[in-house]
Amino acid sequence: MLLSRSLFLPISSNNVDIGFRLEEKVHHVKRSDFPPGFIFGAGSSAYQVEGAYLEDMKSLSNWDVFCHSIGCGENGENGDSADCHYHLFLKDIEIMHSLGLKAYRFSISWARILPRGRFGEVNIAGIMFYDKIIDNLILKGIEPFVTIHHYDFPQELEDRYGSWLNPEMQEDFVHLADICFKYFGDRVKYWTTINEPNLFTDLAYRWGIYPPSRCSEFFGNCRTGNSDVEPLIVMHNLVLAHGKAAKLYRQKYKVKQAGLVGIVVNCPTFIPLTNSELDIGAVKRAFAFQIGWVLDPLIYGEYPVEMVKYLGSDLPSFSIKEKNIVKNSLDFIGINHYSAIYTKDCTNSTCSPIANRPIQGFFDTVAERDGVLIGEPTGVEDTYVFPQGMEEIVNQNQVSLQK
């Protein structure tokens, strides 16, 4: 049985209890193994499932343009039709209901409800589409968990000012969030502002795999970009965008709507390659550079000390006003966990040209130890079956929350 890879952790002064432990060998998983409040659900993202890429006044998104130009698969696939969720959502909801699921986490297509961002009008047809999804989920007893931004946005924002490389994108995102809260907040009680900002930043601005496909030498073969600096700028804008949206919700909507606002982070489990102090230190840096990069500002108001130490002036800083906006701006943390990986130190040993760079935190990751893979390979590159990794990353996040 495949369990969901996502968990949502509440933020409070008390220890977090997720209510279950993963054993190394589980042959039969039963509902009774989980606490009464544990919610089983399904998740999707707009571009991956909706299709209908130009129907009902939706504009071209960055992913539409990207996949039309270079293709998003081995055979030039794109999301023009995808799973046709735009037309088949009622059947999809019925399937979820038949499986006994109690939650559906889906994302809003920015280009569907605001085709020109804040430079145009609200597209009521797009609003009506998500209204119908939310209403029919509730009718079936399924809680809607809504992600405001899952990587896709109107291409116009990229063309106008460079999207997430520009602070203007913060204001466009807050405008999007405001529209979502206004139209859907009477029924939606769980809001994710941004899905996996760390994964998006890495793949779009470090490795150049996602649009706008920016990177530099060693990291990828892009036409333009700077993999050593641009990811830091993008993450800074993403963190501030989240903080401003959370502040807006608390000031304008929370009293009446009583919802929660959080963020979802890609959380690999880092395991030291050896028991040496250097590799143990590398794990700490890996956690800081990958996970603390997002969570530390949103909890403590500043970036991890490990990042400050190695990145220096390349790492953007928060003004006092900005610290007050981002600090304590989470009601919950969503964990997306895919795999675990062995981690080795690069401060005192030779590593690849990429791993030996400040932006990489001077650590490297490998899948094997003593010739044995960390887990059974999956169909996704560099992703392995390591069930206990979910528990370990939850425990690491607990420690980080309590520091």
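A: In this predicted model, a salt bridge is a side-chain nitrogen of Lys or Arg within 4 Å of a carboxyl oxygen of Asp or Glu.

Q: Why is the contact of Glu-156 and Arg-160 called a salt bridge?
A: The side chains of Glu-156 and Arg-160 approach to 2.7 Å, N to O. The limit for a salt bridge is within 4 Å, so the pair qualifies. Both residues belong to helix α6 (residues 155–161), where they stand four residues apart, about one turn of the helix.

Q: Why is Arg-160 called partly exposed?
A: Its relative accessibility is 44%. Buried means under 20% and exposed means over 50%, with partly exposed in between, so Arg-160 counts as partly exposed.

Q: What makes Arg-250 and Asp-331 a salt bridge, and where do the two residues lie?
A: The closest N and O atoms of Arg-250 and Asp-331 are 3.2 Å apart, and the definition asks for a distance within 4 Å. The pair therefore meets the definition. Arg-250 lies in helix α9 and Asp-331 in the loop between α13 (320–326) and β8 (332–336), so that the link joins distant parts of the chain, 81 residues apart.

Q: Which of these two residues is buried, Arg-250 or Asp-331?
A: Asp-331 has a relative accessibility of 17% and, because buried means under 20%, counts as buried. Arg-250, at 32%, counts as partly exposed.

Q: What does the salt bridge between Glu-168 and Arg-118 tie together?
A: The closest N and O atoms of this pair are 3.0 Å apart. Glu-168 lies in helix α7 (residues 168–184), and Arg-118 in the loop between α4 (110–113) and α5 (124–139), so the salt bridge ties together parts that are 50 residues apart in sequence. Glu-168 is partly exposed at 32%, and Arg-118 is partly exposed at 31%. A search of the whole structure finds 19 salt bridges.

Q: Why is strand β4 described as largely enclosed by the rest of the structure?
A: Strand β4 (residues 143–149) has seven residues, and six of them are buried, so the description follows. Five bridges join β4 to strand β3 (residues 103–107), and these two strands run parallel. Four bridges join β4 to strand β5 (residues 190–195), again in parallel.

Q: How do you know that β7 and β9 pair?
A: Two strands pair if DSSP finds at least two bridges between them. Four bridges join β7 to β9 (residues 340–345), so the requirement is met. One of the partnerships is that of Ile-271 with Tyr-342 in β9.

Q: What makes β7 and β10 the edge strands of their sheet?
A: The sheet is open, with three strands in the order β7-β9-β10 and mixed pairing. The strands β7 (269–272) and β10 (363–366) each pair on one side only.

Q: What makes the phi of Ser-213 and of Ala-258 noteworthy?
A: Most residues other than glycine have a negative phi. Ser-213 has a positive phi of about 55° although it is not a glycine, and Ala-258 has a positive phi of about 60°, again without being a glycine. Ser-213 is in the loop between α8 and α9, whereas Ala-258 is in the loop between α10 (254–257) and β6 (260–266).

Q: Why is Ala-258 called exposed?
A: Ala-258 has a relative accessibility of 56%, and exposed means over 50%, so the term applies.

Methods:
Residues are numbered from 1 along each chain as its sequence is written. This is a predicted model: local features need pLDDT of at least 70, side-chain atom pairs count only at pLDDT 80 or more; totals for chains, interfaces and linings use all residues. Side-chain values use heavy atoms; hydrogens and water are left out. Buried means under 20% relative accessible area, exposed over 50%, partly exposed in between (1.4 Å probe, protein chains only).
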